[in-house]
Amino acid sequence: MALKIRLARGGSKKRPYYHVVVADVRSPRDGRFIERLGYWNPMLAKDDATRVSLNQERIQHWLDNGALPTDRVARFMAEAGMMTRDARNNPNKAKPGKKAQERAAEKKQKEEDAAAAAAEAAAAPAEAPAEEAAAE
């Protein structure tokens, strides 16, 4: 039986509250679980001491018995000093998609063409009086 240490949602609509539980991976998110190991209240301020509570002794027991924490629970455990977790970085996530990049390149090209045409138009009348003065 594969076990996960994960979050089970509680609380009312738009007021989430999560229990940290150990459960079989096949059971539903808010369904059957084996043991409750702590809680997380995301409605509290990040610096509040009661925002996250973990029973470290029981979590260590389940880790020794093969349970794997989910990413969010692993973050809580890393903050509590129970495990080390590599920091993740996805620099491509903030970049716009392919179509948006194409539209931006198109817009930039049009602006450059318009600026070049405006510079050309501004230079053409300035040259005309100079030619007329030379002809006289």
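Tyr 17 sits partly exposed in this predicted model, with a relative accessible area of 27%. That lands between the cut-offs of 20% for buried and 50% for exposed, so "partly exposed" is the right label for Tyr 17. Below, we'll look at its ring partner, then at a cluster of other rings, and then at the chain as a whole.

**Tyr 17 and its partner**

- Which ring does Tyr 17 pair up with? Its partner is Tyr 39, and the two are stacked, with 5.8 Å from centre to centre and 15° between the planes.
- This pair ties together distant parts of the chain, since Tyr 17 belongs to strand S2 (residues 15-24) and Tyr 39 to strand S3 (residues 35-40). In the sequence, they are 22 residues apart.
- Tyr 39 is partly exposed too, at 25% relative accessibility.

**Trp 40, Phe 76 and a ring cluster**

- Another ring pair is made by Trp 40 and Phe 76, whose ring centres are 5.1 Å apart. Their planes meet at 55°, so this pair counts as tilted.
- Where do Trp 40 and Phe 76 sit in the chain? Trp 40 is in strand S3, while Phe 76 is in helix H2 (residues 71-79), so to speak a strand-to-helix link across 36 residues.
- Are Trp 40 and Phe 76 buried or exposed? Both of these residues are buried.
- Tyr 18 joins in as well: ring pairs connect Tyr 18, Trp 40 and Phe 76 into a cluster.
- If you search the whole structure for aromatic pairs, you'll find 3.

**How the chain is laid out**

- Count up the secondary structure and you get 3 helices and 5 strands.
- Starting at the N terminus, the order is β-β-β-β-α-β-α-α.
- Why call this chain more spread out than a compact globule? Its radius of gyration is 31 Å, and the globule rule gives 14 Å for 136 residues, so the chain is well over that value.
- The C-alpha trace spans about 100 × 35 × 30 Å along its principal axes.
- Among contacts with a separation of 6 or more, 31% are between residues 24 or more positions apart.

**Surface and charge**

- Of the 136 residues in the chain, 22% are buried.
- The chain has an accessible surface of about 10,200 Å², and carbon and sulfur atoms account for 51% of that.
- There are 25 positive and 20 negative charges, and the mean positions of these two sets lie 18 Å apart.

Notes
Residues numbered from 1 in each chain as written. Predicted model: local features only at pLDDT ≥ 70, side-chain atom pairs only at ≥ 80, totals over all residues. Heavy atoms only, no water. Helix = DSSP H or I, 4+ residues; strand = E, 2+ residues; numbered from the N terminus. Rg over C-alpha atoms; globule rule 2.2 N^0.38 Å. Buried < 20%, exposed > 50% of the residue type's maximum accessible area, 1.4 Å probe, protein only. Contact = heavy atoms within 4.5 Å. Areas by Shrake-Rupley, 256 points an atom, 1.4 Å probe, with all protein chains shown as cover. Lys, Arg positive; Asp, Glu negative; His and termini not counted. Charge placed at Lys NZ, Arg CZ, Asp CG, Glu CD. Phe/Tyr/Trp six-rings, centres within 6.5 Å; stacked < 30°, edge-to-face > 60°.
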